[in-house]
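Biologist: I would like a close look at a single part of this model. Please take one strand and follow its surroundings.

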Amino acid sequence: GGVAAGLYFARRGGGVPGRLEGGVAVVNINTPEVDVQFLRVEGEALPAFLEQVAVRRERGGARVNEEGEVEGEYEGGWQNRRLKGTFSGWQLDEQLRRSAKSVYLGRFATDERPNRRNVSFLPVEKIKELQQPGIYIAVMNAPGRFGWDFQVTYFYVTEIGLHLRRHAAQLDVFATSLTSGEAMKSIELSLLDESGKALAQAATDADGHAVFKGSSDKARIVVARRGAEMSLLTLR
């Protein structure tokens with residue numbers, strides 16, 4: 001009978017270095033092609049997006065497994081808000097119609113070897129609509145299948161690489177270029193709580209270093225900005 005088909009985005013962080021070199025990783029089982037729609041988060045919708053990424057809500061014993069799928073009892077009102085994993089069509093419509101603009105729709109070939117778990121990288125780095133710095137949401141499904149669920153992930157195109165060291169009394173953040181590896185100065189940093197509100201702000205010095213003093217227990221995301229470019233790092 002073979003192995004049932006499966007499809008989901010590999011969980012490998014949200015950042016995509018430079019201009020998407022290496023593509024977006026997809027795990028597929030007996031699914032030789034995928035349809036993916038890419039949406040860009042519009043500037044005015046950024047606060048709502050950050051709140052979705054920062055917050056984590058679980059109810060009714062539900063949990064997210066390693067494939068990004070929701071397991072456990074569904075309870076009315078529960079929804080996966082973090083823009084990763086399995087979403088129903090109505091959830092996507094509710095969350096994305098006011099916060100993201102569709103910029104590209106394409107079909108991609110994946111690893112065709114049957115009855116095994118394959119990892120494929122969608123070669124999106126050559127698509128001009130996805131080269132503009134910003135935050136993107138990818139929505140994927142299998143061609144010719146019309147189920148209720150879609151696979152979703154987000155990523156951002158940026159040159160800003162972030163590294164942090166978390167201590168009891170302070171949080172050290174370092175910004176480096178993902179292309180050259182050199183320190184990036186004057187990067188604007190914001191420390192956000194679970195609702196996406198800023199707890200503190202700082203800027204990197206000539207060594208690409210910035211410090212947030214005090215406890216960071218309430219912090220959920222570090223956001224880095226330079227003009228139109230931005231980068232995110234969740235603190236989990």
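How many bridges join β3 to strand β9, and do the two run parallel or antiparallel?

Modeller: This is a predicted model. Five bridges join β3 to β9, and the two strands run antiparallel. Strand β9 covers residues 118-122. One pair can be named here: Asn28 stands opposite Asn118 in β9.

Strand β3 also pairs with β1, which spans residues 6-9. Four bridges link β1 and β3, again in an antiparallel run. Here Asn28 turns up once more, as the bridge partner of Leu7. Asn28 thus has Leu7 as a bridge partner and Asn118 opposite it in β9.

Now the burial. Strand β3 takes in residues 24-29, and six of the six are buried, so the strand is largely enclosed by the rest of the structure. In a regular strand, side chains alternate between the two faces of the sheet. In β3, Val24, Val26 and Asn28 point one way. Ala25, Val27 and Ile29 point the other way. Both sets are buried.

For a second buried site, take Leu162. It lies in strand β12, residues 160-166. Its relative accessible area is 18%; the cut-off for buried is under 20%, so Leu162 counts as buried. Leu162 and Ala175 are 13 residues apart in sequence, yet their C-alpha atoms are 4.9 Å apart in space. Leaving aside neighbours within four places in sequence, Leu162 is in contact with Val173, Phe174 and Ala175. Leu189, Val222 and Ala224 are also among its contacts. So are Ser231, Leu232 and Leu233.

How values were computed: Residues are numbered from 1 along each chain as its sequence is written. This is a predicted model: local features need pLDDT of at least 70, side-chain atom pairs count only at pLDDT 80 or more; totals for chains, interfaces and linings use all residues. Side-chain values use heavy atoms; hydrogens and water are left out. Buried means under 20% relative accessible area, exposed over 50%, partly exposed in between (1.4 Å probe, protein chains only). Two strands pair if DSSP finds at least two bridges between them. Contact means heavy atoms within 4.5 Å.
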